[in-house]
Amino acid sequence: MDSELKGVGIVVEYNPFHNGHKYHCEKAKAEGDVVIAVMSGDYVQRGEPAVVNRWERAEMALKSGVDIVIELPVFYSTQSAEIFSRGAIGILENLKVSKVVFGSETGNIEKLLERAKLEEKQEFQETLKKQLKEGFSYPTAYSKTLEVLGLDNELNSNDILGVEYIKGIEFWKSSIVPVAIKREKIGYYSESSIEGISSATGIRKRLEKNENYQDVVPEVTYEILKVASEEKRVARLEEFYPWIRHKILVDREKLFDIQDIEIGYYNKLFEVALKEREFKDFFESILSKRFTIGRTQRMLIHILLGITKEDTEIVKKNVPYIRVLGFTKKGQQYLKQIKKDEGLVVLTSLKNIKKMMSDEELRLLELNEVASKIYSMVNYYEDKKIPLMFK
């Protein structure tokens, strides 16, 4: 009898897949047999449409070392780090992975475990709430909380996500082991490149300026981006503004129910949308010191897609479904292995799903699929009915 394959999870956006991601994948592969990537779908955590669609980014991954790509649905992928991470870890827990491997500026798992414990303490939470009430944005309030408690703020963006993965593991009462690998050479938002490594931000900037990026991505990424660029299928948030503006003006009374919108802010959104025809002018007018650019963009995506506070509360407590975007032969073996577990709903097609899912689960699946149709209205692609399959 064949021994069981050991699954290792990674949480990714691949916006787009680059050489640093390939290094991450290789490190994950060293921890087990099958690398399972939970990947944001057509919208990403910074509150933007992905540069190219979910299927093209899944292809980049599967041709570059990933064994299974699972979609992180939009009601997780466009949320704060806490909800984004909780959703991703919940999916990996259901997929029976033994470890989750993530990049980290410190690479020090003990330090991240300590910070996760600290954030759960009442004193930390109360101090943070107090700072938020003072009108500071979350990152500023977080820094000030550490200052009040006499601690150094030595963690960066990937470290903070790592802490949230650890908290997600705790929330789901999971036995998944967190593994931090030191992020090398290039920072998360850096626009430079070193020895063939660039951040996704840097690559998107090169793409926007029509500069060469072939040295920092695998061949499959280069070819997919080259075609998308030639066909003018590289998505940008401003292209969605007419639809966002329409939703704000038509659904003014419903705006308060939308995730991330605070009391009174919807009136400002309505007034500015009424006035500003150009996205740049609109966006600059709605920014405030309370909200980061990322949070403001996430709020706009939630308006566009109709993601509510109620939806968010539901998915924070239960993962509604698992959708497979693609797999390799080894990945297919692993999926067959875990499907032996009763009650695990892993979607490899959308046929006969009414027999497999509750009304609530179906509604959330439909929310995600409609979100992709909206993406496709602006940045067209032909949707797939079954997962991508590669040897």
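Contact here means heavy atoms within 4.5 Å. Helices (H or I, at least four residues) and strands (E, at least two) are DSSP runs, numbered from the N terminus. With that in hand, Phe279, Phe282, Phe283 and Ile286 of H13 meet Ile293, Thr296, Gln297 and Leu300 of H14.

A word on where this comes from: the model is predicted, so local features need pLDDT of at least 70, side-chain atom pairs count only at pLDDT 80 or more, and totals for chains, interfaces and linings use all residues. Residues are numbered from 1 along each chain as its sequence is written, and side-chain values use heavy atoms, with hydrogens and water left out.

**Two helix pairs**

Let's stay with H13 (residues 279-286) and H14 (residues 293-305). They pack at an angle of about 120°, and their axes are 11 Å apart. Axes are lines fitted to C-alpha atoms, for helices over the stretch in contact, and angles run from 0 to 180 degrees between N-to-C directions. The H13 and H14 crossing is right-handed. As for that term, a crossing is left-handed if the near helix is turned anticlockwise from the far one by less than a right angle, and right-handed if clockwise. Sort the residues of this contact by character and you get six nonpolar, two polar and no charged. In that sorting, Ala, Val, Leu, Ile, Met, Phe, Trp, Tyr, Cys and Pro count as nonpolar, Asp, Glu, Lys and Arg as charged, and the others, Gly among them, as polar.

The other pair is H6 (residues 122-133) with H7 (residues 138-148), packed at an angle of about 130° with axes 8 Å apart. That makes H6 oblique to H7; angles under 35 degrees count as roughly parallel, over 145 as roughly antiparallel, 65 to 115 as roughly perpendicular and the rest as oblique. H6 and H7 also make a right-handed crossing. From H6, the contact takes in Phe124, Thr127, Leu128, Gln131 and Leu132, while H7 brings Tyr138, Ala141, Tyr142, Lys144, Thr145, Leu146 and Val148. By character, the residues of this contact are eight nonpolar, three polar and one charged.

**A covered helix**

Which residues of H4 are buried? First the cut-offs: buried means under 20% relative accessible area, exposed over 50%, partly exposed in between (1.4 Å probe, protein chains only). The buried set in H4 is Ile83, Phe84, Ser85, Arg86, Gly87, Ala88, Ile89, Gly90, Ile91 and Leu92. That is 10 of its 14 residues, so H4 is mostly covered. H4 spans residues 81-94 and reaches 20 Å from first C-alpha to last, close to the 20 Å expected at 1.5 Å a residue. The expected span is 1.5 Å times one less than the number of residues in the helix. Just past the end of H4, Lys96 takes a positive phi of about 60°.

**Buried residues worth a click**

Here are some buried residues to pick out in the viewer.

| Residue | Place | Relative accessibility |
|---|---|---|
| Tyr14 | loop between S1 and H1 | 1% |
| Val163 | helix H8 (residues 157-171) | 1% |
| Leu237 | loop between H10 (219-230) and H11 (241-250) | 5% |
| Asp260 | loop between H11 and H12 (265-275) | 17% |
| Thr296 | helix H14 | 0% |

What does Leu237 touch, not counting residues up to four places away in sequence? Its partners are Gly47, Pro49, Ile244, Phe279, Gln297 and Ile301. The C-alpha atoms of Leu237 and Pro218 are separated by 26 Å, with the two positions 19 residues apart along the chain.

Thr296, part of the H13 and H14 contact, touches Phe283, Ile286, Leu287 and Phe291, again not counting residues up to four places away in sequence.

Over in H8, Val163 is in contact with Leu112, Arg115, Ala116, Glu119 and Leu155, leaving aside its neighbours within four places in sequence. Val163 and Ser104 are 59 residues apart along the chain, and their C-alpha atoms are separated by 9.8 Å.

**Backbone oddities**

Which peptide bond is cis, with omega near 5°? The one from Asn15 to Pro16. Pro16 is in the loop between strand S1 (7-12) and helix H1 (19-29). Tyr14 is found in the loop between S1 and H1 too, and its phi is near 50°, a positive value in a residue other than glycine. Asp260 is not a glycine either, yet has a positive phi of about 80°.
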